[in-house]
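Visitor: Hi, could you walk me through this one? I'd like to chat about it while I look.
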Amino acid sequence: MNTRERTLAVFNYQNYDQMPVVHFGYWTELLAKWHKEGHLTADEAEFYFDKNEYDKIICDKLGFDFCWGHQLTPRHKVHPFFEKKILETHPDGVIRYINPDGLIEETDPNTTTIPATIGTLMTGREAWEELYKPRLQSGPARHGTPDELARWKQLSEETTDAPFGVYAGSMFGYARDMIGVEALSYLQVDDEDLFIEIIDTVANLSFETVKVVLEAGLRVDFLHFWEDICFKNGPLINPATFEKYVAPHYKKITGMAKAHGVNLFSVDSDGLIDKLIPAWFANGVNIMFPIEVGTWGASIAPWREKYGRELRGVGGVRKSVLGEDRAAIDAEIERIKPLVDLGGYIPCPDHRISLEATWDNVRYYADRMRATFCR
């Protein structure tokens with residue numbers, strides 16, 4: 001079996017000879033460290049990007065089969081992007097700027113952290129109509145010109161070293177990216193009609209983009225949504241609001257994709273997602289990623305007990321063991337054995353492999369996963 005066949009066999013509860021060994025990328029600082037240690041060339045460390053040639057080289061060096069984040073990625077976000085513009089530079093080096101999504105952010109260039117959201121260019125109906133709505137319209141610049149679609153179709157047919165996924169955009173996360181958590185939270189109450197229009201516009205753009213790609217005849221194994229709309233205590237949106245205004249857009253996309261033979265639908269949302277799973281699951285999303293074990297002990301086991309075998313998962317490996325020792329890695333692999341036995345589940349370190357990981361530990365992890373879950 002090849003990696004694509006193995007992956008689909010796991011998700012379809014069929015026999016397979018080897019569990020795919022999967023990751024979700026690396027911190028750029030980790031790659032720089034590995035270059036200094038002599039494991040990577042300068043080009044591999046500097047020019048690595050998800051899905052490019054260096055990504056494949058690093059994957060092979062470490063012993064991974066593929067990255068779960070590797071999907072064909074049409075352009076779902078604002079287009080064209082807003083021009084990044086520095087608004088203010090503080091004496092301590094902190095800068096305030098407009099980012100490509102139209103958020104006003106503040107960050108310290110000397111640190112590696114998520115920027116603080118200070119404001120947004122989306123200040124109301126007038127800004128929406130003038131600045132944002134024109135940037136969220138369907139067209140070949142997003143879903144591909146005829147030549148691009150033909151190349152993508154050929155790529156989908158030739159890809160056997162991994163399952164072929166298509167990135168299906170975001171129903172709520174992109175609105176959050178454009179407006180910010182605080183402003184979007186107020187908007188739901190202050191101008192519900194505008195809130196609904198923004199959600200509908202973003203989601204319909206995702207639908208139209210996926211529709212064009214599927215109608216071009218690509219051989220697609222799964223669709224993947226991105227959201228990141230939860231944190232350690234739960235969702236960033238009221239679950240009832242999500243179910244009423246957001247979730248139906250998933251059903252529209254998954255229903256259309258099923259008519260094209262696609263039956264696997266993955267969603268990426270960090271945080272404690274339990275209160276949103278019912279809405280995702282009821283509207284066709286059947287693979288949860290990641291399964292954040294590191295902070296509050298999330299696991300696919302209680303989800304499987306509640307929702308049954310139709311709910312699948314990717315993730316759930318405590319990635320901090322990659323910075324510890326081989327005994328910790330062995331113990332983590334032993335811990336997930338019963339979860340793998342449930343079927344429909346592919347273990348993966350949650351999020352990108354971080355700075356504490358050592359080269360030898362990651363290689364050992366990949367080797368042990370391959371030896372442990374070989375049938």
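Guide: Happy to, and we can take the salt bridges, a sheet and the nonpolar core in turn. Keep in mind that this is a predicted model.

Visitor: Good. How many salt bridges does the structure hold?
Guide: There are 20 of them. One of these joins R125 to E197, with the closest N and O atoms 2.6 Å apart.

Visitor: Where do R125 and E197 lie?
Guide: R125 sits in helix α5, residues 125-132, while E197 belongs to helix α10, residues 192-215. The two are 72 residues apart in sequence, so their salt bridge ties together separate parts of the chain.

Visitor: And is E197 buried or exposed?
Guide: E197 counts as buried, at 18% relative accessibility. Its partner R125 is partly exposed, with a relative accessible area of 33%.

Visitor: What about salt bridges inside a helix?
Guide: Take E157 and K153, whose side chains meet with an N to O distance of 2.6 Å. Both are in helix α7, residues 146-158, and because they are 4 residues apart, about one helical turn separates them. E157 is partly exposed at 44% relative accessibility, and K153 is partly exposed at 29%.

Visitor: Which residue does K211 meet in a salt bridge?
Guide: That would be E215, at 3.0 Å from N to O. This pair is in helix α10, again 4 residues apart, or about one helical turn. K211 has a relative accessible area of 27%, which makes it partly exposed.

Visitor: Which residues are linked in a network of salt bridges?
Guide: K77, D101, R176 and D177 are linked that way.

Visitor: Okay, switching to strands. In what order do the 4 strands of the open sheet come?
Guide: They run β4-β5-β6-β7, with antiparallel pairing. On average, neighbouring strands in this sheet are turned by 25° against each other, direction ignored.

Visitor: Which strands stand at the edges?
Guide: β4, residues 85-89, and β7, residues 116-120. Each has a single partner strand, so one side of each is left without a neighbour in the sheet.

Visitor: Let's zoom in on β4. How many bridges join β4 to β5?
Guide: There are 4 bridges between β4 and β5, which covers residues 95-98, and the two strands run antiparallel. T89 has I95 as its bridge partner in β5, and I86 stands opposite Y97.

Visitor: What's between β4 and β5?
Guide: The two form a hairpin with 5 residues in between. In the turn, G93 has a positive phi of about 95°.

Visitor: Nice. Last topic, the interior: how many residues does the largest nonpolar core have?
Guide: It has 114 residues. The ones with the most contacts inside the core are Y26, W68, I198, L223, F242 and W280.

Visitor: Where does the largest share of this core come from?
Guide: From α10, with 11 residues. That is also the helix holding E197 and the K211 and E215 pair.

Visitor: I'm hovering over W280. Which residues does W280 touch?
Guide: Leaving out residues up to four places away in sequence, W280 touches E227, I229, F242, Y250, V267, S269, I273, V285 and M288. F242 is worth a click, as it is also listed with W280 among the residues with the most contacts inside the core.

Conventions: Residues numbered from 1 in each chain as written. Predicted model: local features only at pLDDT ≥ 70, side-chain atom pairs only at ≥ 80, totals over all residues. Heavy atoms only, no water. Salt bridge = Lys/Arg side-chain N within 4 Å of Asp/Glu carboxyl O. Buried < 20%, exposed > 50% of the residue type's maximum accessible area, 1.4 Å probe, protein only. Pairing = 2+ DSSP bridges. Axes fitted to C-alpha atoms, helices over the stretch in contact; angles between N-to-C directions. Core = buried A, V, L, I, M, F, W, Y, C linked by side-chain atoms within 4.5 Å. Contact = heavy atoms within 4.5 Å.
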